[in-house]
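This report describes the pockets of one predicted model and a helix within the model. The structure is shown first.

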Amino acid sequence: METARVLVAADKFKGSLTAVQVAERVTAGLRRVVPGVQVETLPVADGGDGTVAAAVAAGFERREARVTGPLGTPVDAAYAVRDTTAVVEMAEASGLQHLPAGQFAPLTATTYGSGELLRAALDAGARTIVFGVGGSATTDGGAGMLAALGARFLDRDGKPVGPGGGGLAELAEADLSGLDPRLTDIDLILASDVDNPLTGPKGAPEVYGRQKGATEDDIAVLDAALAHYASVLGPEHAALPGAGAAGGIGYGALVALGARFRPGIEVMLDVLGFAPALARATLVVTGEGSLDEQTLHGKAPAGVAAAARAAGVEVVAVCGRLALPPEALEGAGIRRAYALMELEPDPALCMAQAGPLLERVAEAIARDFLSS
């Protein structure tokens, strides 16, 4: 019988385990049942929060920069570098995690720090930048990011407009002539798991504004302000897939920085070296906190499963909560899913005990798929 070689390529369980911790717990559970099993771990991410951590786990060097947070106060943000490739995660600078509990700023939160983080990557010598966008506290169309990189956004009196999406309603002139000239010589890849346009019923304010504290009135203000902003910068980019990602930062990157959009998980699998790891595997374990309808639309487990299926390698999934029927799992290329809530149905307890529960789930996988 061929020696089993397991590749653990799972995303984080949000709120309980990082992707690295998921890989450690799955490995421990597998080895409790099959002590000698070969396990390779490759924590993955889809461009959202956790993307830099996944790159570091794959051998990138972690760097830090002090940048402007979404509320205008300084925050420490990490990015990752290997050779001339950098992985920059906008949530590190402009993410919801930088807002104090219960405090939102839907009209004024800025992506300025994301631009500063991109500049840090340029300073580090990056020629290719994977720009993971998701988890933002912002809806400013990337105007703050562009301002940090040298653009100027002026009102009728020639003064800079206020921060955030709300200020863009006053925009009269966008001057991009001062953008950092190094941007023309790099490959900037916009990596996201969402393909929304900038505005409208599927746009950034309407679809994602509420999770950033926006009221219905705020959403209307932001949608109109972003539409006006796009009319000044270039309306043809506003409908492109990914323009609405992370509060419209995708639009800013597409219209002014020459970025190209790719599904986040595809980009990250390339960057992390998934294909050679997959070639060594006889079984892949993927997963994330909740396997649900969203998983099927560009989330990490779906990307991992699609690549594994194309290579003829069997895939099982681990998750906290399973909300997909067997036929949906099968359609995604996942042979079977193991949910922690099957062992502990209380959600709070399940999250608190996620590590030990995941080890028990991995033991079940070993018995079902690795024991002769």
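By class, 16 nonpolar (Ala, Val, Leu, Ile, Met, Phe, Trp, Tyr, Cys and Pro), 17 polar (the others, Gly among them) and 13 charged (Asp, Glu, Lys and Arg) residues form the lining of the largest pocket. A pocket is an open set of points on a 1 Å grid over the protein atoms alone, where a 1.4 Å probe fits, with protein on both sides within 12 Å along at least five of seven lines; lining residues have an atom within 4 Å of a point.

Residues are numbered from 1 along each chain as its sequence is written. In this predicted model, local features need pLDDT of at least 70 and side-chain atom pairs pLDDT 80 or more, while totals for linings use all residues.

| Pocket | Volume (space filled by probe spheres set on the points) |
|---|---|
| Largest pocket | about 1,200 Å³ |
| Second largest pocket | about 230 Å³ |

The second largest pocket is lined by 16 residues, and Gly-144, Ala-147, Val-161, Gly-162 and Pro-163 are the closest to its centre. Its lining comprises 10 nonpolar, 4 polar and 2 charged residues.

Helix H8 (a DSSP run of H or I, at least four residues) covers residues 216–233. Its buried residues (under 20% relative accessible area, 1.4 Å probe, protein chains only) include Asp-218, Leu-222 and Tyr-229. Seen down the axis of H8, the buried residues fall within an arc of 140° (taken from the directions from the helix axis to the C-beta atoms), so they line one face of the helix. Just after H8, Gly-234 has a positive phi of about 150°.

Methods
Side-chain values use heavy atoms; hydrogens and water are left out. Helices (H or I, at least four residues) and strands (E, at least two) are DSSP runs, numbered from the N terminus. The expected span of a helix is 1.5 Å times one less than its number of residues. Buried means under 20% relative accessible area, exposed over 50%, partly exposed in between (1.4 Å probe, protein chains only).
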